[in-house]
Amino acid sequence: MTRHTNLIPRWTVAGDAPPRAARDACPPGAAPARSLYIHVPFCAHKCHYCDFYSFVDTRDQQRAFTRALIRELRGLAPLADGRGLESVFIGGGTPSLLGVEHWRTLLAALRDLFDLAPIAAGAGEFTVECNPESVTAELMETLAAGHVNRVSLGAQSFDPGHLATLERRHDPGRVATALATARDAGIHHRSLDLIFAVPGQTLDDVRADLEAALALDPAVDHLSAYCLTYEPNTPLAARATRGEIRPIDDDTAAAMQTLVRDTLAGAGFEQYEVSNYALGGARSRHNLAYWRTEGWLAAGPSASAHVLTTDPATGLPAGARWKNMPSLRRWRAHVEATGSAPIVDFEPPDPARTLRERLMMGVRLAEGVDADRALEHADRLGCAEALSGAARRQRDLGLLDLEGGRWRPTARGFLFADAIAGALMGAVE
Ligand code: SF4
């Protein structure tokens, strides 16, 4: 059963690299990034399943945060090399908790520092994550004026009991109101997050959540439906360990994922990633940049960046990754002193890791992996035969379709994307 809640994958980090500045982590010759992620760490309340870097907002840190964020963005802007950004995603945390006056400052800075022309022209995507409770007309109008053209709303469930299990505090009745407020402000793309396999949830409960999501007026054109994961060191995981809640078993969770897929397919939604569904082609451009392992910049505490360069020894594509320090205090102090974020988990460019990541992420996508490109890459690393053998074994298990020059997960393969990824990645030396 494929479980996945975080859009940004977790990367295995070897050793404890000393903190350094993000500015110095970008390898020379890196391709200009066309996407930007910004992390806003404030939340109204800490949900029990969440392991994102966020904390309860006391509103007294917002001004200093915004000031430091703009300072960091000023340092990152040259890495876009004047090219138009194709996607901006402001996530968290709960970005909609940021005060409207700070949003105005931030959006004006983004316009000054980056070329947002593709987004302004409707060819790019600018998403802000929102909590239904914190959506106001003033906020939505401010966002729309700053070229935001997509909101992503964390609904998770429409059942108050399951929301309570998740310690998620919002009124499900506010979801439709928030969507209407966004629409009225001129934000035309709307996405909803749902979580299934909540302890105590039944297949009928999942069906009811899907029906509620599909009945929303105005409608959403994108749905993310994640299987609940028990992240280490979360209150939810501790409750499961103490036996206070019983996690849904894998077979039932798989049946729920199949129900999600079939129900959404019946409503015209295309499953383009294990947990993501789009109506009328409204796929998330920004999240595709993650899953296609393209380059993106990142700002704010705990934000993860990835840039692509060419390995000088082999001429193969190789990505460098890093993560901003997940501490508002230390991130802010460093940015204020140096203009660049302190980073952790730096991974230098490595063509073998880049191939492994492309395989890992590619098999989560309906479009799959470009087989010729992967095998050419593997050939230069001396492991093409092992990789094509691994792909054939996944085909023989009924998990991968190898036709048409791409390795695509089958309907069953979507349920076992982690296992397919493990098998393919294991073939890359
Ligand atoms: S609102 Fe989102 S980021 Fe904040 S605690 Fe809940 S799940 Fe985590």
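**Figure 1. Strands β13 and β14 sit side by side as an antiparallel pair.** Strand β13 (residues 304–310) and β14 are joined by 7 bridges, and the two strands run antiparallel. This is a predicted model, so please read each view as a prediction. To find your place, look for Ser 304: its bridge partner in β14 is Lys 323. The hairpin made by β13 and β14 has 6 residues between the strands, and Gly 315 there takes a positive phi near 75°. Strand β14 itself (residues 317–324) is mostly covered, with 7 of its 8 residues buried. β14 also pairs with strand β15 (residues 342–347), again in the antiparallel sense, over 3 bridges. Follow Lys 323 across to β15 and you will meet Val 344, which it stands opposite.

**Figure 2. Strand β8 is covered on both faces.** How many of the 8 residues of β8 (residues 189–196) are buried? The count is 8 of 8. In a regular strand the side chains alternate between the two faces of the sheet. In β8, one side holds His 189, Ser 191, Asp 193 and Ile 195, while the other holds Arg 190, Leu 192, Leu 194 and Phe 196, and all of them are buried.

**Figure 3. Strand β8 pairs in parallel with β7 and with β9.** Strands of a sheet pair through backbone hydrogen bonds, either parallel or antiparallel. Strand β7 (residues 150–156) is joined to β8 by 6 bridges, and Gly 154 has Asp 193 of β8 as its bridge partner. Another 6 bridges join β8 to strand β9 (residues 222–227). Here you can pick out Leu 194, whose bridge partner in β9 is Ala 225. Now trace the chain from β8 through helix α8 (residues 203–214) to β9: together they make a right-handed β-α-β unit. In the loop between α8 and β9 lies Pro 218, and the peptide bond from Asp 217 to Pro 218 is cis, with omega near 5°.

**Figure 4. Ten residues form a shell around the ligand: Cys 43, Lys 46, Cys 47, Cys 50, Phe 52, Ser 54, Gly 92, Gly 93, Thr 94 and Gly 154.** Sorted by class, the shell has 4 nonpolar, 5 polar and 1 charged residues. Look closely at Gly 92 and Gly 93, which are among the residues around the ligand. The peptide bond from Gly 92 to Gly 93 is cis, with omega near 20°. Gly 93 is placed in the loop between β5 (87–92) and α3 (100–113).

**Figure 5. Helix α16 packs its buried residues against several neighbours.** Which residues of α16 (residues 417–426) are buried? They are Ala 417, Ile 420, Ala 421, Ala 423 and Leu 424. These residues lie on the same side of α16, because they cover an arc of only 165° around the axis. They pack against α13 (351–362), α15 (384–396), β17 (400–401) and β18 (406–409).

**Figure 6. A sheet of 3 strands has the order β16-β18-β17.** This sheet is open, and its pairing is antiparallel. The edge strands are β16 (369–370) and β17, each of which pairs on one side only. β17 and β18 are joined by 2 bridges, and Asp 401 has Arg 408 of β18 as its bridge partner.

**Figure 7. Two loop residues, Arg 168 and Ala 282, are buried.** Arg 168 lies in the loop between α6 (160–165) and α7 (174–184). Arg 168 counts as buried because it has 22 C-beta neighbours inside 10 Å. Leaving aside neighbours within four places in sequence, Arg 168 is in contact with Cys 47, Gln 156 and Leu 163. Ala 282 lies in the loop between β11 (276–279) and α11 (285–291). Not counting residues up to four places away in sequence, Ala 282 touches His 189, Asp 221 and His 222.

**Figure 8. Arg 59 and His 147 each have a positive phi.** Most residues other than glycine have a negative phi, and most peptide bonds are trans. Arg 59 has a phi of about 65° and is placed in the loop between β4 (55–56) and α2 (62–76). His 147 has a phi of about 75° and is placed in the loop between α5 (137–145) and β7. Are these residues buried or exposed? Arg 59 is exposed, with 10 other C-beta atoms within 10 Å, whereas His 147 counts as buried, with 20 C-beta neighbours inside 10 Å.

Technical notes: Residues numbered from 1 in each chain as written. Predicted model: local features only at pLDDT ≥ 70, side-chain atom pairs only at ≥ 80, totals over all residues. Buried ≥ 20, exposed ≤ 12 C-beta atoms within 10 Å, placed from the backbone. Helix = DSSP H or I, 4+ residues; strand = E, 2+ residues; numbered from the N terminus. Pairing = 2+ DSSP bridges. Arc of directions from axis to C-beta. Contact = placed C-beta atoms within 7 Å. Right-handed = clockwise from strand over helix to strand, strands pointing away. Near = placed C-beta within 6 Å. Nonpolar A, V, L, I, M, F, W, Y, C, P; charged D, E, K, R; others polar.
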